[in-house]
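Reader: I would like a close look at a single part of this model, namely a loop residue with an unusual backbone angle, and then a connected account of how other parts of the chain compare with it or are held to one another. Please take the time you need.

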Amino acid sequence: MALVLTEEQSLLRDSARGLISDKAPVSHLRQLRDAKDATGFSRDLWKTFAEMGFSGLLVPEEFGGSGLGCVEAGVVMEEIGRTLVPSPFLATSVLAPSALSRGGSAAQKSEYLPKISAGSLLAALAIDEGAKHRPLQIKLQAVRSGNGFKLSGDKTFVVDGHTADLLIVAARTAGAAGEANGLTLFLVNPKTKGIATERTAMVDSHNAARIVFDNVEVDADSVLGEVDQGGALLEGVLNIGRGAVASEMVGLSEEVFSRTVTYLKERKQFGKAIGEFQALQHRAAQLYIDIEITRAAVLKALQMLDADLEKAASAVSVAKARAGTTATLAVQEGVQMHGGMGMTDEFDIGFFMKRARVCQELFGDSNFHADQLARAKSY
């Protein structure tokens, strides 16, 4: 497929850009941070997202959604990255419907997907248990008990976990940490007895939570997919999430580049704009090239996710790794070219740097995905 958006996808981009730039510029994030808002995002804005159909992009039409694909989700994520808007879109509208659509029973889909599409239910995917993304190192235990299971263990870095109405929890029902077999996904009500949720303050002022499960009882109907066979389902959902986060980093990188170029044209030194200095021109040109190559890699990965999820893993790792290094370069160049003011909290570039660092870690940093590619080539 051509590495360009279709007319319909371009219209979606324009619609998302118009809404987000108008309702949620970077000052929106700053306001939520300074007010220490308990929710961490605007529920009114999320309601508008739902009214425009964004919350149900990946929900099949039979359940009230748009039935679109990863490319369309990436389009919205890229616009989210431009203004750093805190939103449950990634967790609720990308990860949750991807898991439910692929692994859910008819009853589970009927119960949750229409609510996700309508914007009335927020979901979160609980995977990581340590400082780094290591999905195979899951140790949270799910032990059979009566007609169901008891969950015990901790989850960290659960995106939007403290506001979720539904948790999709990855647990180990067999095997040992490091093994792909023996993983099972569970649909869990966060208000179930034995669950303790703590909102964690992330450096980028976005939402995450630490969740403790203390002998949490769930019945057999809470299993998403097959018992002990959740590894493949989880990896597919994670790859969709990785593609979405890579898209966000493309939007973030392009916005930082645009702001930096504008500053280079305006800031004068020695009687002329600093953008006239060849050294800075070369650095800006190199960053532009990197962003465009990354954009192509990310779009290709999203297209492959839509075409054949099982064969898209390597393309997704390339996209996520490259998006991480490009976003890091973009924010570093942005701060340096803005000089001392780039380091101040009053200036927005710092927000982009912090978000880029979190996105780099989310669902695996560049080193994680380079390792994934090396392992894939060794087989």
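**A loop residue and its wider setting**

Author: Phe363 is placed in the loop between helix 10 (349-361) and helix 11 (366-378). The model is a predicted one, and in it the phi angle of Phe363 is near 65°, a positive value in a residue other than glycine. Such a value deserves attention because most residues other than glycine have a negative phi. As for its surroundings, Phe363 has a relative accessible area of 6%, and since buried means under 20%, Phe363 counts as buried.

A second residue can be set beside this one. Asp160 has a phi near 60°, again a positive value in a residue other than glycine, and Asp160 lies in the loop between strand 3 (148-159) and strand 4 (166-172). With a relative accessible area of 5%, Asp160 is buried. Phe363 thus sits in a loop between two helices, whereas Asp160 sits in a loop between two strands.

From the loops one may turn to the helices and to the way in which they are arranged. The axes of helix 1 (residues 7-23) and helix 3 (residues 43-51) come within 12 Å and cross at roughly 165°. Because of that angle, helix 1 is roughly antiparallel to helix 3, and the crossing in which helix 1 passes helix 3 is right-handed.

Charged side chains supply another kind of link, and the count of salt bridges comes to 27. One of them joins Arg17 to Glu79, with the closest N and O atoms 2.9 Å apart. This pair links distant parts of the chain, with Arg17 in helix 1 and Glu79 in helix 4 (residues 70-83), 62 residues apart. The two partners differ in their exposure, for Arg17 is partly exposed at 33% relative accessibility, while Glu79 is buried at 2%. Nor does the pair stand by itself, as Arg17 and Glu79 belong to a network of salt bridges that also takes in Glu78, Arg82, Glu254, Glu292 and Arg295.

Another salt bridge is formed by Asp14 and Arg13, whose closest N and O atoms are 3.2 Å apart. Here Asp14 is partly exposed, with a relative accessibility of 42%, and Arg13 is likewise partly exposed, with a relative accessible area of 27%.

A further salt bridge connects Arg283 with Glu333, the closest N and O atoms being 2.5 Å apart. Because Arg283 lies in helix 8 and Glu333 in helix 9 (residues 313-337), the pair ties together parts that are 50 residues apart in sequence. Arg283 is partly exposed, with a relative accessible area of 30%, whereas Glu333 is buried, with a relative accessible area of 11%.

Helix 8 (residues 278-307) also holds Ile293, a residue that brings the account to the surface. Ile293 is partly exposed, with a relative accessible area of 43%. Together with Tyr288 and Ile289, Ile293 forms a nonpolar patch on the surface, and the accessible area of these residues together is about 280 Å².

To return to the part you asked about, Phe363 is a buried residue with a positive phi near 65°, in the loop between helix 10 and helix 11.

How values were computed: Residues numbered from 1 in each chain as written. Predicted model: local features only at pLDDT ≥ 70, side-chain atom pairs only at ≥ 80, totals over all residues. Heavy atoms only, no water. Patch = residues over 30% accessible without salt bridge, like charges linked within 9 Å, V, L, I, M, F, W, Y side chains within 5 Å. Areas by Shrake-Rupley, 256 points an atom, 1.4 Å probe, with all protein chains shown as cover. Salt bridge = Lys/Arg side-chain N within 4 Å of Asp/Glu carboxyl O. Helix = DSSP H or I, 4+ residues; strand = E, 2+ residues; numbered from the N terminus. Buried < 20%, exposed > 50% of the residue type's maximum accessible area, 1.4 Å probe, protein only. Axes fitted to C-alpha atoms, helices over the stretch in contact; angles between N-to-C directions. Parallel < 35°, antiparallel > 145°, perpendicular 65-115°, else oblique. Left-handed = near helix turned anticlockwise from the far one by under 90°.
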